[in-house]
Amino acid sequence: HSLKTTVRAVMAAHRFAETGNGDDWSDDGGLPRSGNTHHSEVREVPFGALIHFTTFSTEPDLSKPWGMRKPQVSTGTGFHIGGRKILTNSHVVRNATSLRVERHGQPGNFPARVLCEGVMCDLA
């Protein structure tokens, strides 16, 4: 079940990156409806869809009850999949206390929050 969910999420992101809205894609696993895109063709994600994450996080310290480890700052990437949603890996946002995102090539960063996280499939 989680593999099927992972494939659907990745295909939705890929669909948005290639067409901007996914309108010429089918719902049966991501193969295009029209003949204008060959499924074995490799395409790059447009840089406008690329999102940079700065994650401030802290993990629980299991050796000290109710204690937390030192805060850490890490970075990662994801991509815009439509609306106000970004797809990234779970490990990029795990244990986040604060998330900041910025679009590639555009100034400014903005606060973000995790809507859904799948640790088993490493998607968020």
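## A tour from the cysteines to the sheet

Let's begin with the sulfurs: across the whole structure, a search turns up zero disulfides. Keep in mind as you go that this is a predicted model.

**Stop 1: the cysteines.** Select Cys116 and show its side chain. How far is its sulfur from the closest cysteine sulfur? The distance to the sulfur of Cys121 is 8.2 Å, too far for a bond, since a disulfide needs the two sulfur atoms within 2.5 Å. Now click on Cys121, which is likewise in no disulfide. Switch on a surface and compare the two: Cys116 counts as exposed at 57% relative accessibility, while Cys121 is partly exposed, with a relative accessible area of 22%.

**Stop 2: the whole sheet.** Return to a cartoon view and colour the strands. You are looking at an open sheet of five strands, ordered S5-S4-S1-S6-S7 and paired antiparallel. Which strands stand at the edges? They are S5 (85-88) and S7 (110-112); each has a single partner strand, so one side of each is left without a neighbour in the sheet. Rotate the view to follow the turn from strand to strand: direction ignored, neighbours in this sheet are turned by 40° against each other on average.

**Stop 3: S1 against S6.** Select residues 50-57 for S1 and 96-103 for S6. These antiparallel strands are joined by seven bridges. Two partnerships are good places to zoom in: Phe53 has Val101 as its bridge partner in S6, and Phe56 has Ser98.

**Stop 4: Thr55.** Stay in strand S1 and pick Thr55. Is this residue buried or exposed? Thr55 is buried, because its relative accessible area of 1% falls under the 20% limit. Draw a distance from its side chain to the backbone oxygen of Val92, and you should find 2.9 Å. Next, show what surrounds Thr55: leaving aside residues up to four places away in sequence, Thr55 touches Gln72, Val73, Ser74, Val92, Val93, Ala96, Ser98 and Leu99. Ser98 is a residue you have just met, as the bridge partner of Phe56.

**Stop 5: the S6–S7 hairpin.** Finish by moving from S6 to the edge strand S7. S6 and S7 pair in the antiparallel sense over three bridges. Select Arg100 and look across to S7, where Pro111 stands opposite. Then trace the six residues between the strands of this hairpin. Which residue there takes a positive phi? Pick out Gly105, whose phi is near 80°.

Terms used
Residues are numbered from 1 along each chain as its sequence is written. This is a predicted model: local features need pLDDT of at least 70, side-chain atom pairs count only at pLDDT 80 or more; totals for chains, interfaces and linings use all residues. Side-chain values use heavy atoms; hydrogens and water are left out. Two strands pair if DSSP finds at least two bridges between them. Helices (H or I, at least four residues) and strands (E, at least two) are DSSP runs, numbered from the N terminus. Axes are lines fitted to C-alpha atoms, for helices over the stretch in contact, and angles run from 0 to 180 degrees between N-to-C directions. Buried means under 20% relative accessible area, exposed over 50%, partly exposed in between (1.4 Å probe, protein chains only). A polar contact is a pair of N or O atoms within 3.5 Å; within protein, one must be able to donate a hydrogen and the other to accept it, and residues adjacent in sequence count only if both atoms are side-chain atoms. Contact means heavy atoms within 4.5 Å.
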